[in-house]
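Colleague: Before I rely on any descriptive term, I should like to know the rule behind it. Could we go through the terms together?

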Protein chains: 2
Amino acid sequence: MSNMGNQLISNVFKALAHPTRIQIVKLLRNGELCVCDILPNLDSEQSNTSQHLTVLKNQGIVESRKDGSKVIYSVKNKEVYEMVDLVEAIILRQIEETKTSLSNR
Amino acid sequence: MSNMGNQLISNVFKALAHPTRIQIVKLLRNGELCVCDILPNLDSEQSNTSQHLTVLKNQGIVESRKDGSKVIYSVKNKEVYEMVDLVEAIILRQIEETKTSLSNR
DNA sequence: TTATTATATTAGAAATATCTAATATGGTGA
DNA sequence: TCACCATATTAGATATTTCTAATATAATAA
């Protein structure tokens, strides 16, 4: 019934359940980036972005290292990319279905 | 920047961001089930379970059909199973890492 | 040292998700 | 028809997330 594992699993999904955090993952797909390079690609405040990065880090999705005064983030578990791709596949199929059901009336 | 697609993607992750909904997906992995057979396997109220099923359905993760007075649910987009497996892989790796870092002191 | 840049942390307000309890709907069988 | 079973819907209370604004920290440069 109420399973510890399901809690852990849903925590990872929860970390990905925000558009800004998806955008961050997509940005990191081309390689590691410092916060200073992530910031201008998002429309969210510096402090808010920092909080989103923390959420991703807490679930092991990204990791970070310091480089002088900068902090460099990268994706830690590459499975995340596959997950995003799978979701996109689901969405595309849903859209096709919607189109079909619209033309059938 | 603020991308429509990221919103759609995060909506799917959000649908999976709850332990009860993960449990439902796992139950359906063995095949379709009526609500009456899902209910006793969860520890959440009937009305609450119904709401969770609606969330999954709204994101195209499950679908349903009627059979007499019963409603049968099944997973609609099988990618969901892969996603759960990928998350489990991430979690296992994180646990290994934690174990290692604990023994190294 | 002091100022500056890069990033993180905090507190609290606002938005959203979740749960419970009550009620509604719709099919089935007496 | 009436009563019953299976499921969905609703309203409102509670819990959780998200955001903003202010402040803290830490590295570097002047």
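The exchange below takes the terms in turn, beginning with the basis of the model.

Modeller: This is a predicted model, in which local features need pLDDT of at least 70 and side-chain atom pairs count only at pLDDT 80 or more, while totals for chains, interfaces and linings use all residues. Residues are numbered from 1 along each chain as its sequence is written, chains are lettered from A and ligands numbered from 1 in the order in which they are written, and side-chain values use heavy atoms, without hydrogens and water.

Colleague: How do you know that a disulfide joins A:Cys34 to A:Cys36?

Modeller: A disulfide is a pair of cysteine sulfur atoms within 2.5 Å. The sulfur atoms of A:Cys34 and A:Cys36 are 2.1 Å apart, so the pair qualifies. In chain B, B:Cys34 and B:Cys36 are joined with an S to S distance of 2.2 Å. By this rule the count over all chains is two disulfides. The link of A:Cys34 and A:Cys36 is left-handed, with -85 degrees about the S-S bond.

Colleague: Why is A:Cys34 called buried, and what makes A:Cys36 partly exposed?

Modeller: Buried means under 20% relative accessible area, exposed over 50%, and partly exposed in between (1.4 Å probe, protein chains only). A:Cys34 has 6% relative accessibility and is therefore buried. A:Cys36, at 36%, is therefore partly exposed. In chain B, B:Cys34 is buried at 7% and B:Cys36 is partly exposed at 36%.

Colleague: Which residues are closest to DNA strand D, and how many surround it?

Modeller: DNA strand D is surrounded by 22 residues, the closest being A:His52, B:Cys36, B:Gln46, B:Ser47 and B:Gln51. A residue is near a strand if one of its heavy atoms lies within 4 Å of it. Sugar and phosphate make up 59% of the atoms of DNA strand D that come within 4 Å of the protein. A:His52 lies in helix 4 of chain A; helices (H or I, at least four residues) and strands (E, at least two) are DSSP runs, numbered from the N terminus. A:His52 is buried by the accessibility rule, because its relative accessible area is 7%.

Colleague: What makes the approach of A:Asn48 to DNA strand D a polar contact?

Modeller: A polar contact is a pair of N or O atoms within 3.5 Å; within protein, one must be able to donate a hydrogen and the other to accept it, and residues adjacent in sequence count only if both atoms are side-chain atoms. A polar side-chain atom of A:Asn48 is 3.2 Å from a phosphate oxygen of DNA strand D, so the pair meets the distance limit. For A:Lys14, an N or O atom of the side chain is 3.3 Å from a phosphate oxygen of that strand. On DNA strand C, a phosphate oxygen lies 2.6 Å from a backbone N or O atom of A:Cys36, and another such contact has a polar side-chain atom of A:Ser50 at 3.1 Å from a phosphate oxygen.

Colleague: How do you know that the two copies are related as by a two-fold rotation axis?

Modeller: Copies are superposed by least squares on the C-alpha atoms of residues with pLDDT of at least 70 in both. A turn of 180 degrees with a shift of 0.0 Å along the axis lays chain B on chain A with an RMSD of 0.0 Å. The two copies are therefore related as by a two-fold rotation axis.
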